[in-house]
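Work through the exercises below with the model open. Each task is followed by a stepwise solution.

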Amino acid sequence: MIDFIGNRRKAYLLSIILIFAGAISMITVGLNLGIDFTGGTVFQLNLGDEFSLEEAQAAIDPYEELEGAAIQVVQGRDLAGDPTDEGLIIRGPYMDDDRRDAVMEEFQNRFPRMDMADSRVESVGPVIGGELARQAVLSLAVAIVAMIAYITYRFEFKFALATIFALLHNVLVVLGIFSFLQLEVNVPFVAAILTVFGYSVNDTIVIMDRIRENIQHRKKKDYVEVVNQSINQNLVRSINTSLTTLFVLIALLVGFHYFIGSLDLIIFVIALILGVFVGTYSSIFIASPLWLNLQDYKFNLPGRKAVGN
Amino acid sequence: MKKAFKPGLFLVLIVLCLVIIASGYWSFHNAADRDDGIRRGLDIAGGLYMLMEAVETGDREVDDDAIDRAIAIIRTRIDELGVEEPVIAPQGDDRIRIELPDLDDPEQAREIIGRTAMLKFVGPDGEEIVTGANLDRARAERNPEISPRPFVSLEFDREGRELFAAATEKFYGEPISILLDDEVISEPVVRAIITEGQATIEGDFDYEEASELALLLRSGSLPVELRELESRLVGPTLGQRTEEIAAVAAGAGLALVLLFMILYYRTAGLIAGMALVFYTSLVLFVLSQLPTTLTLPGIAGLILSIGMAVDANVIIFERIKDELRSGRTLRSAMESGFRRAFRAILDANITTLIVTIVLFILASGPVRGFAITLFIGILCSMFTAIVFTRFLMRLAFKAGAIQSGAYVGVKES
């Protein structure tokens with residue numbers, strides 16, 4: 001039996017370092033918010049021909065809104081693995097429909113073989129951007145409250161509290177990593193974060209269920225041993241489930257990265273993969289030990305040794 | 001104690017597995033059919049999504065009635081373009097959401113939707129003579145005898161006829177301005193008193209532009225001005241490629257999961273694999289039967305739910321192993337394993353369901369589609385694990401296909 005409780009401080013320390021580093025990154029560089037939140041325009045164009053970055057830059061030069069806009073080359077592959085036409089992605093501020101059409105025409109004139117069917121133009125006004133951000137935060141908050149209510153009803157309030165702490169921990173860690181790597185945050189990312197919510201709670205609750213059951217079957221309530229035992233009983237299951245989920249997600253990541261080359265969906269999958277890792281970690285190392293601390297706040301004081309071997 | 005091998009039941013088991021595999025293949029094949037399968041969102045199928053905001057004009061405030069009328073007018077305009085299955089719906093108090101899959105000319109569609117198309121005939125004194133509200137008919141015509149260029153011919157209703165007749169009498173020999181959205185598009189000089197209520201708009205346009213103008217005039221002018229808040233135009237092949245890749249990735253991921261489960265849990269893993277194939281066809285079937293829309297995040301959600309569907313089986317098998325280790329017989333270990341795993345599966349899944357419900361209520365667009373698919377995915381996976389896996393495990397036990405702990409992946413014994 002592995003002594004998770006005895007080693008809980010190491011886990012706490014690791015998590016605090018991760019969250020702290022993430023917080024510094026978020027304060028200094030912040031999140032790389034995409035057009036869904038800030039408003040803006042994205043052109044993803046299949047130009048149908050080979051092109052150089054200079055040529056693409058020359059096409060947008062007449063449009064002052066796009067001055068300094070990020071241009072990114074996208075290289076996809078067909079199912080046989082052969083490279084498809086090169087495409088490019090331009091991210092700029094919000095432009096109205098007339099200006100967007102003008103940009104498109106410019107490209108059409110310069111690249112007559114441009115394939116509109118394999119392109120997209122998305123434009124989000126600043127009003128909507130703010131709304132989507134509020135909507136995202138609201139969904140997260142409501143989901144948390146609803147889960148606290150359910151877990152309190154099915155288990156007890158301290159279980160709920162520990163679960164939600166672990167959950168917030170997961171979200172903060174993922175956000176910190178996204179800020180550090182400057183990965184773009186769009187609406188699908190919120191969906192991913194919420195899935196991470198569901199996944200990590202799922203993982204935690206299965207352990208909590210074991211704790212609940214093991215406590216019932218004991219006369220002397222030695223919580224430390226009960227929790228250690230419960231985590232250990234669930235270890236194989238936690239690992240196996242994470243593995244199977246990761247199999248599918250990694251297949252998706254490889255597929256999108258290799259064949260599509262566009263970042264949007266890759267970021268979505270990366271968020272899910274990070275979530276599975278962090279979710280599994282926190283359900284084992286954070287949630288249950290935290291519950292013990294909540295159960296008995298003196299548990300942490302010196303002189304009280306954690307039991308278990 | 002060894003259980004007897006029962007060839008009859010074993011055959012039933014094999015046949016059942018073959019049926020599941022066949023149904024899995026069939027439903028996958030069916031779902032891949034774009035015309036008759038699951039409805040695709042614009043991010044996959046391609047098309048134009050627009051969110052418009054109604055803005056008060058001088059004489060009309062934005063209320064439910066104005067929005068309803070604007071929607072009816074946009075619908076008329078879109079229908080004339082021949083777009084299949086357009087969605088034109090109010091959102092909030094003052095917004096209209098428009099989704100047009102399968103467009104030939106998105107630029108034209110956007111032009112037509114956004115135009116207020118307020119037609120006015122104004123006399124040289126600046127007085128309004130008649131407006132588009134009094135129109136009965138409008139159509140584009142080509143007639144070299146009347147004009148070298150294409151034009152739009154109009155016919156007024158009774159009231160418009162009278163107003164027009166009076167005005168042409170009053171302003172005989174003088175120019176009348178024809179304004180569209182306060183912009184002069186034509187300034188003909190009155191050369192006859194027109195009592196039949198017919199007029200033409202000749203301007204600097206080709207036939208296509210004349211048709212577009214006629215369409216706008218026929219459908220009537222929007223009661224309020226519409227401004228674009230959000231616009232997403234996705235080409236049809238872009239999303240299709242992504243969908244194909246996602247399907248291949250799902251297949252590969254599924255195969256990896258199956259392999260892992262069989263290696264780790266042996267016969268029970270094979271049964272979990274069957275349950276997984278069953279789950280996949282169940283989800284695809286339910287999705288094709290419900291009026292849901294599959295978006296790209298939705299596909300990712302489905303693929304994720306494959307991974308999570310295995311979780312329930314893993315919980316059950318680990319439970320059974322635990323019970324075996326504590327000295328129970330295989331039969332009672334299976335029963336109590338299922339019973340004890342049930343509560344954990346239920347609580348864990350319900351919390352995830354809560355998240356999807358919150359998302360469904362609060363989010364919009366692709367995320368909402370994601371919430372629906374994940375919701376359906378979780379329900380199906382719970383049903384599969386609790387009902388279907390259990391049924392197969394019992395059958396396999398009775399048939400003698402599972403004879404000892406080794407068949408569930410227990411190493412010793």
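This is a predicted model.

**Exercise 1.** Find the partner strand of β7(B) and state the sense of the pairing.

Solution. Step 1: β7(B) pairs with β8 of chain B, residues 151-156. Step 2: the two strands are antiparallel and share 6 bridges. Step 3: for one bridge, take B:R139; its partner in β8(B) is B:S153.

**Exercise 2.** Place these strands in their sheet, and explain why β7 and β11 of chain B each have a side without a neighbour.

Solution. Step 1: the sheet is open, has 3 strands and follows the order β7-β8-β11 in chain B. Its pairing is antiparallel. Step 2: β7 (135-141) and β11 (198-202) of chain B are the edge strands, and each has a single partner strand, so one side of each lacks a neighbour in the sheet. Step 3: on average, neighbouring strands are turned by 20° against each other, direction ignored.

**Exercise 3.** Which strands does helix α6 of chain B lie across?

Solution. Step 1: α6 covers residues 207-219 and lies across β7 and β8 of chain B. Step 2: the helix runs at about 170° to β7(B).

**Exercise 4.** Describe the contact between chains A and B.

Solution. Step 1: 60 residues of chain A contact 59 of chain B. Step 2: on the chain A side, α8(A) contributes the most, with 17 residues. Step 3: that side splits into 37 nonpolar, 14 polar and 9 charged residues.

**Exercise 5.** How many bridges join β5(A) to β12 of chain B?

Solution. Step 1: there are 5 bridges between β5(A) and β12 (residues 225-234) of chain B, and the strands run antiparallel. Step 2: in β12(B), A:R120 has B:V234 as its bridge partner.

Note on methods
Residues numbered from 1 in each chain as written. Chains lettered and ligands numbered in written order. Predicted model: local features only at pLDDT ≥ 70, side-chain atom pairs only at ≥ 80, totals over all residues. Pairing = 2+ DSSP bridges. Helix = DSSP H or I, 4+ residues; strand = E, 2+ residues; numbered from the N terminus. Axes fitted to C-alpha atoms, helices over the stretch in contact; angles between N-to-C directions. Contact = placed C-beta atoms within 7 Å. Nonpolar A, V, L, I, M, F, W, Y, C, P; charged D, E, K, R; others polar.
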